[in-house]
Amino acid sequence: MPLHDRIIPYLETAELYHLARLNSQWFWVDEPLLSAFIERWRPETHTFHMPFGECSITLQDVAYQLGLPIDGEPVSGCLTEFENFMEHGRPAWVWFRELFGELPPQSKVKQMTVCYTWFHERFRVLPADASDETVRVYARAYILMLLSSQLFADKNANRVHLRWLPYLASLDDLGRYSWASAALAWLYRCLCRGTNRNVVNLAGPLQLLQSWIFWRFPTLRPSGFDRFGFPLASRWATFMPRNDGGAQRLASARLLLDRLRVHDFLWEPYSSVEVAAVIHPEILVEEHRRLWAALTSLIYFAAIEWHQVDRVHTQHSFFLVLE
């Protein structure tokens, strides 16, 4: 969905503007490479087990890669009695009509979800003469699509869940949530599910996983992407992986991972002068930085995962001593 200038202030208030800029282009993922990494994921430690030791995606990575805030309230809520969770006990679809001005046709509705296509067709283009209230409606639709399709995508990849209604009802309060910890909780949960041999579809913020791989493993990154801006994941916005020979490419990716050594992994990829030149200062404020090494639970609704950063930070110090 195009990002209209009049919607940007709402994204800035929600601290989601960097994510919106990142997703101005379609982000393609290298599925065989990601699958090879998922095979090395261990749910009990939330780390990838590599020949040189363990490594993992941390809150620091999310801040740099996606530009999301860390400090804030958890993204959570009760979904067991959904209608009672709504303001003043109003049914979900009554609240939906109030927030978006109309209801989708029944053909676009399945239980508590709505097809992406309805939002895309209905709210794709903001009218030139739109009132302030109309802009707010379109901002809600844009944020809903951004969260559902880019940050918290699941196996229902073409539908939006109504769990977001309480958040969209108050656009001015969206900035008080820890979007980074919620995104990482969901990625951890999807990686854990992906280790099940019966799971065939990848889900979650895969652009985060792929960008983390390319930044941390120089030997695995595509060539010709030396220039970058912020968020750092935008570096790979025009990356186009091959779409042929999936099984052979998966085997090749497995072999590459088997051959990795400690010098093939960057323990401090964000310490360069080039990164310092593009990083936005709000990412580096103390209230966010002090949480990068926090041993804490990451929450995204029913998904609660442990941020076991001590496993990789301790190992990082160990390797620095050896070097």
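Here is a short chat about some salt bridges and a small sheet in this predicted model.

Me: What should I know about the model before we start?
Reply: It's predicted, so local features need pLDDT of at least 70 and side-chain atom pairs count only at pLDDT 80 or more, while totals for chains, interfaces and linings use all residues. Residues are numbered from 1 along each chain as its sequence is written, and side-chain values use heavy atoms, with hydrogens and water left out.

Me: Why is the contact of Asp30 with Arg249 called a salt bridge?
Reply: The term asks for a side-chain nitrogen of Lys or Arg within 4 Å of a carboxyl oxygen of Asp or Glu. Here the closest N and O atoms are 2.7 Å apart, so the pair of Asp30 and Arg249 fits. The structure holds 11 salt bridges.

Me: What makes Asp30 and Arg249 distant parts of the chain?
Reply: They're 219 residues apart: Asp30 sits in the loop between helix H2 (17-22) and helix H3 (31-38), and Arg249 in helix H12 (residues 246-258). Helices (H or I, at least four residues) and strands (E, at least two) are DSSP runs, numbered from the N terminus.

Me: Why is Asp30 called buried?
Reply: Buried means under 20% relative accessible area, exposed over 50%, and partly exposed in between (1.4 Å probe, protein chains only). Asp30 has 13%, so it counts as buried. Arg249 also has a value of 13%, so Arg249 is buried too.

Me: How do you know that Arg40 forms a salt bridge with Asp258?
Reply: Their closest N and O atoms are 2.4 Å apart, which is within the limit, so the pair qualifies. This pair links distant parts of the chain as well, with Arg40 in the loop between H3 and strand E1 (41-42) and Asp258 in helix H12, 218 residues apart.

Me: Are Arg40 and Asp258 buried or partly exposed, and why?
Reply: Arg40 has a relative accessible area of 17%, so that one is buried. Asp258 has 43%, which falls in between the two cut-offs, so Asp258 is partly exposed.

Me: How do you know that E1 pairs with E2?
Reply: Two strands pair if DSSP finds at least two bridges between them. Two bridges join E1 to strand E2 (residues 47-50), so they pair, and they run antiparallel. Arg42 stands opposite Thr47 in E2.

Me: What makes E1 an edge strand?
Reply: Three strands form an open sheet in the order E1-E2-E3. E1 and strand E3 (53-55) each have a single partner strand, so one side of each is left without a neighbour in the sheet.
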